[in-house]
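Subject: Structure handover

Hello,

Here is the structure I said I would pass on. Please look through it first; my notes follow below.

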Amino acid sequence: MNILLITEQREGKWNPVSFETLAAAQQIAAQTGSQVAAAVIGKGVRGLAQDLTKYQLAEVLLIEHDLLGRYTPDGFSIALRQAIAQSKPDLVLLPHTYQVRDFAPKLAASLGKGMIGDCVGYRHENGRVIFVRQMFQGKTAADVAFSGTPPWFASFQAGAFRGDQIQSGASAAAITPVAVELKPEQIRTKPLELFREAKQAVDLTQAPVLVAVGRGIKAPENIPMAEKLAKLLGGELAASRPICDEGWLPMDRQIGSSGQTVAPKLYLALGISGAIQHVVGMKGSRTIVAINKDQNAPIFEVADYGIVGDIFELIPALIEALEKNKAE
Amino acid sequence: MKVAVCIKQVPAKDAPLRISESSAWIRETDIGFEMNEPDSFALEEALRLKEKHGGEVVALSMGPERAKQVIKEALAKGADRGLHVSDDKFFLLDPLGSAKSLAAALQKEPFDLILTGLQSDDQGFGQTGVLLAELLGLPHATIIMQIEAQDGRLRVKRELESGWFQWVEVPLPAVLTIQSGINKVRYASLKGIMAAKKKEIVTVARESLGVAHESTERVERIYVPQKTKKTEFITGSAKEAAAQLIEKLRHEARVL
């Protein structure tokens, strides 16, 4: 089997999930007797392609064009279709990023093929590769298999594989340029500048302790209670997306795929169900405590300590215990 | 502007999920269903575009008979018409099969804009909007946090990761997928609920759309995920549990 990994970079900087997905590609290749090629797409990205030649790869495809400098779904799909026609992969793997979500289903569909997105792992069973992804916001897992003829497309979630487990090659992989034919009129959308919203008032990545609140906090009036607990623990207050969407806490307190990725020594999740989008932002924390009234909440999957209970009883109890400890 | 909104009906957030005997899906009896939350933001955005620029909002949903409920909810909030693509085995479709069916239903009349939520809270494939754009030959943009319409074009704010955003210009007609939190979703008024009773819902059977599709992927089984981490559960009264947790964080995990 030929596996093609499509890496992601923005303005010359790697998206690190590219390397996690490369590790996944190499592991699948080792188990299925396959070889892996990696593709770099953009404008002026030969240096990045060069970075990849040290890894164990059959080749590095260099997909360059002036019109690929800024990402567009049209430009990337057209160029990648040409790369696929040249390298004829059976399996195309991608990191599951917002950009991949934006073009990969279109790329696959333009070839009449399907994509299994947002996978957290795979199994090699009876000569087949089964992809594992989550459903129902992480409450269930699903085994998904491709049917029909290749190429097949799949993407892996951030944190599903370890980027430091990539195998280096015995000799440098060759760089193969792909001659891209792309005209300005084929690109229908016009990407403008990238920007960040209001300045980050707080840097949660530096906090040793984070107390994060989710939908279970119910009302903005209840947030000061959690804030008090965060202060007593010497930490900062954080939140899952719905809380920031409601405007109860500013966006710079948001943990997850659209917010911050953190790894404090202690992460206390209060009334957070643990949807994938949140968990990818905090699962690297050293110790995770989850308090939730639903014993089946997926947040308990990643928790070291769990309490099934009412946060409105437990937050005051924790505050009281910590204050008592301090006084002693 | 004539806007179609694709709305999925999914199990209610707090519904206790049990996996069916065949492991192919969940047991649908005894659980409540609701409008997929990201789709409710897409609907709200469609209603706001209509209020600002005029036009029409058509609510489209695919699924069994019960899916009509989310169409009725959309009509009560202000959508003008409903379109129900009926299929009792909708959950068996792969993302491409679903999108081909929705595309066939949408192709019957011209729309300026097609909106979807960014993903569903049940299967969570997150592909429908992008696939619709490809199948209908339209440009698209995804994970949108703001829409400005002027002179037959849209200027949309796309959310990237880690707090980054990007403005993108998109010509109409187009497909957008909407990020949760783009707006504050309205409630249906009593007047709206009454008015909805007179609004039309057209039902078409999915088989009647003449979609030729061979499944590209198959969900072989769903199951409760195996724990990768051993969670130590702390029990007792709130006071006891709090004391025990602090003790453990201090002396066992050594993080306090």
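**Contact between the chains**

In this predicted model, the contact between the two chains draws on 66 residues of chain A and 65 residues of chain B. On the chain A side, the residues that touch chain B divide into 31 nonpolar, 16 polar and 19 charged.

**Helix against helix**

One part of the contact is a helix pair. Helix α8 of chain A (residues 311-327) packs against helix α6 of chain B (residues 238-251), with the axes 8 Å apart and an angle of about 55° between them. The two helices are therefore oblique to each other. The crossing of α8(A) over α6(B) is right-handed.

Which residues meet there? From α8(A) come A:Glu313, A:Leu314, A:Ala317, A:Leu318, A:Ala321, A:Leu322 and A:Asn325, and from α6(B) come B:Ala238, B:Lys239, B:Ala241, B:Ala242, B:Ala243 and B:Ile246. By class, this helix contact has 10 nonpolar, 1 polar and 2 charged residues.

**Strands that pair across the chains**

Strand β17 of chain A (residues 305-308) pairs in the parallel sense with strand β13 of chain B (residues 232-233), over 2 bridges. In this pair, A:Tyr305 stands opposite B:Glu232.

There is also a sheet with strands from both chains. It is open, has 10 strands and mixed pairing, and runs in the order β11(A)-β5(A)-β4(A)-β1(A)-β6(A)-β10(A)-β7(A)-β8(A)-β9(A)-β12(B). Its edge strands, each paired on one side only, are β11 of chain A (174-178) and β12 of chain B (217-223). On average, neighbouring strands are turned by 35° against each other, direction ignored.

Within the sheet, β6(A) (residues 91-95) and β10(A) (residues 152-156) run parallel and are joined by 5 bridges. A:Leu93 stands opposite A:Ala154 of β10(A).

Two helices of chain A that pack on this sheet are worth listing:

- Helix α1 (residues 17-32) touches β1, β4, β6, β7, β8 and β10 of chain A, and its direction makes about 150° with that of β6(A).
- Helix α3 (residues 73-87) touches β1, β4, β5, β6 and β11 of chain A, and its direction makes about 150° with that of β4(A).

**Domains of chain B**

Chain B is divided into domain 1 (2-209) and domain 2 (225-256). How far apart do the C-alpha centres of these two domains of chain B lie? The distance is 42 Å.

Regards

How values were computed:
Residues numbered from 1 in each chain as written. Chains lettered and ligands numbered in written order. Predicted model: local features only at pLDDT ≥ 70, side-chain atom pairs only at ≥ 80, totals over all residues. Contact = placed C-beta atoms within 7 Å. Nonpolar A, V, L, I, M, F, W, Y, C, P; charged D, E, K, R; others polar. Pairing = 2+ DSSP bridges. Helix = DSSP H or I, 4+ residues; strand = E, 2+ residues; numbered from the N terminus. Domains from an automatic or database assignment. Axes fitted to C-alpha atoms, helices over the stretch in contact; angles between N-to-C directions. Parallel < 35°, antiparallel > 145°, perpendicular 65-115°, else oblique. Left-handed = near helix turned anticlockwise from the far one by under 90°.
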